[in-house]
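This report concerns helix packing and internal space in the structure shown below. Helix pairs are taken up ahead of the cavity and the pocket.

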Amino acid sequence: MNFLKSLAITLLSLILFLSLAAFSVVYMMGNTLLDPDFVAAEINRLDVPALAKTMFRIETPPGAPDLNEVINKTIVDLEPRIKEEVNTVIYTGYDYLLGKTEGLSVTISTEPLRNTLKENITQAFLDSPPPELKGRPSTVIRQYADDAYQQFAQDIPETIEFTESSIPPDVMDRLKLVRSYLSFYQIAFYGLIALMVLCAAGIFLISRDVKHTTRSIGTTILVYGVIGYAITFLLERFNVVEQMMGMTGDIPAWLQTWISQFIDNLMAPLETFDLALIITGVVLIVVSIVISIVYRQCQAEAES
């Protein structure tokens, strides 16, 4: 009979351990990748001008102003607005993915971009006109700059839309699939909590001993907390992510820094969770020891 009890308690402790592992991932996701505030904050840390330099590079005609510098200046001028619009897309997208809204619809006007780009192109030509325009009236240079701007403007739509009709069908199908998966997040979150509570209750009902229950549960929680915290600590201590990025050699230094900080911020809730488990486990074990000491003292007094 004692063997069966021990086996049942061991099995429930194993389920509790695995439930903690699953819950830690769910908890981390809920506080990071499923939190639009977290995602928006991480995106806002991006160096937008540096990212644009990496993504866009155009050939400038001989003698003309460096149009890459013009584009970079335009992005610097519009960086606050760009981040504001990106935040709008993020929050609207998360409202859809998390089931808070039924449809997905975001429309961004490119008028500020086109106006700022036109002003910067015009100013660049006025400051450094091509050889054939030197000494010519500013009205002529402005017309030349306007012609150069029109070459860019024809590829810039008046609005950028993120709607169910404008997004490619295959991409939209994936978004709907993600939306359906995320609808189970709350079920998983509270379901795992309920499972852990049931495991703890089961251990108590089988052992019928508060001391044994607190020690068993405390040991399980402490062991998982130590393992989880050790893993995150070692990843940070040996800079595993930085070393992997360094091996590729193709990632710009500024992007490596961003990715490294992103991983640290991503793991922070998990590290806090594991630390809380360690403290909780230690407290439960100490409680079981105190209960044992008090029980022995009471037993000794009763016998005397």
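In this predicted model, helix 5 packs against helix 6 (residues 138-153) at an angle of about 135 degrees, with the two axes 9 Å apart. An angle of this value falls outside the ranges for roughly parallel, roughly perpendicular and roughly antiparallel pairs, and helix 5 and helix 6 are therefore oblique to each other. The crossing of helix 5 past helix 6 is right-handed. On the helix 5 side, the contact involves Arg114, Leu117, Lys118, Ile121, Thr122, Phe125 and Leu126. These residues meet Ser138, Ile141, Arg142, Tyr144, Ala145, Asp146, Ala148, Tyr149 and Phe152 in helix 6. Divided by class, the contact of helix 5 with helix 6 comprises 10 nonpolar, 2 polar and 4 charged residues.

Two further pairs involve helix 4. Helix 3 and helix 4 have axes that come within 9 Å and cross at roughly 125 degrees; helix 3 and helix 4 are therefore oblique to each other. Helix 3 passes helix 4 in a right-handed sense. Val48, Pro49, Ala52 and Lys53 of helix 3 make this contact with Asn72, Ile75, Val76, Glu79, Ile82 and Lys83 of helix 4. The class composition of the contact is 6 nonpolar, 1 polar and 3 charged residues.

Helix 2 (residues 36-44) packs on helix 4 (residues 67-97) at about 155 degrees, and their axes lie 10 Å apart. Because angles over 145 degrees count as roughly antiparallel, helix 2 is roughly antiparallel to helix 4. This crossing, too, is right-handed. Pro36, Asp37, Val39, Ala40, Ile43 and Asn44 are the helix 2 residues in the contact, and they meet Lys83, Val86, Asn87, Ile90, Tyr91 and Tyr94 of helix 4. By class, 8 nonpolar, 2 polar and 2 charged residues take part in the contact of helix 2 with helix 4.

The angles and axis separations are set out below.

| Helix pair | Angle between axes | Axis separation |
|---|---|---|
| Helix 5 and helix 6 | about 135 degrees | 9 Å |
| Helix 3 and helix 4 | roughly 125 degrees | within 9 Å |
| Helix 2 and helix 4 | about 155 degrees | 10 Å |

Enclosed space is considered next. A search of the whole structure finds 1 cavity of 30 Å³ or more, and the volume of the largest cavity is about 70 Å³. Its lining consists of Ala52, Lys53, Phe56, Arg57, Asn68, Glu69, Ile71, Asn72 and Ile75. Helix 3 (48-55) and helix 4 each contribute at least two residues to this lining, and the largest share, 5 residues, comes from helix 4. The lining of the largest cavity has 4 nonpolar, 2 polar and 3 charged residues.

Open space is represented by the largest pocket, which holds about 1100 Å³. Of the 30 residues that line the largest pocket, Phe56, Ile75, Ile82, Leu113 and Ile160 lie nearest its centre. Two or more lining residues come from each of helix 3, helix 4, strand 1 (105-109), helix 5 (111-127) and strand 2 (159-163). Helix 4 gives the largest share of the pocket lining, 10 residues. By class, this lining divides into 23 nonpolar, 3 polar and 4 charged residues.

Helix 4 thus recurs in several of these descriptions: helix 4 supplies the largest share of the lining of the largest cavity and of the largest pocket. Phe56 and Ile75 line the largest cavity and are among the residues nearest the centre of the largest pocket.

Notes. Residues numbered from 1 in each chain as written. Predicted model: local features only at pLDDT ≥ 70, side-chain atom pairs only at ≥ 80, totals over all residues. Heavy atoms only, no water. Axes fitted to C-alpha atoms, helices over the stretch in contact; angles between N-to-C directions. Helix = DSSP H or I, 4+ residues; strand = E, 2+ residues; numbered from the N terminus. Parallel < 35°, antiparallel > 145°, perpendicular 65-115°, else oblique. Left-handed = near helix turned anticlockwise from the far one by under 90°. Contact = heavy atoms within 4.5 Å. Nonpolar A, V, L, I, M, F, W, Y, C, P; charged D, E, K, R; others polar. 1 Å grid on protein atoms, 1.4 Å probe; cavity = no way out; pocket = protein on both sides within 12 Å on 5 of 7 lines; lining within 4 Å. Points joined across faces, edges and corners; volume = space filled by probe spheres on them.
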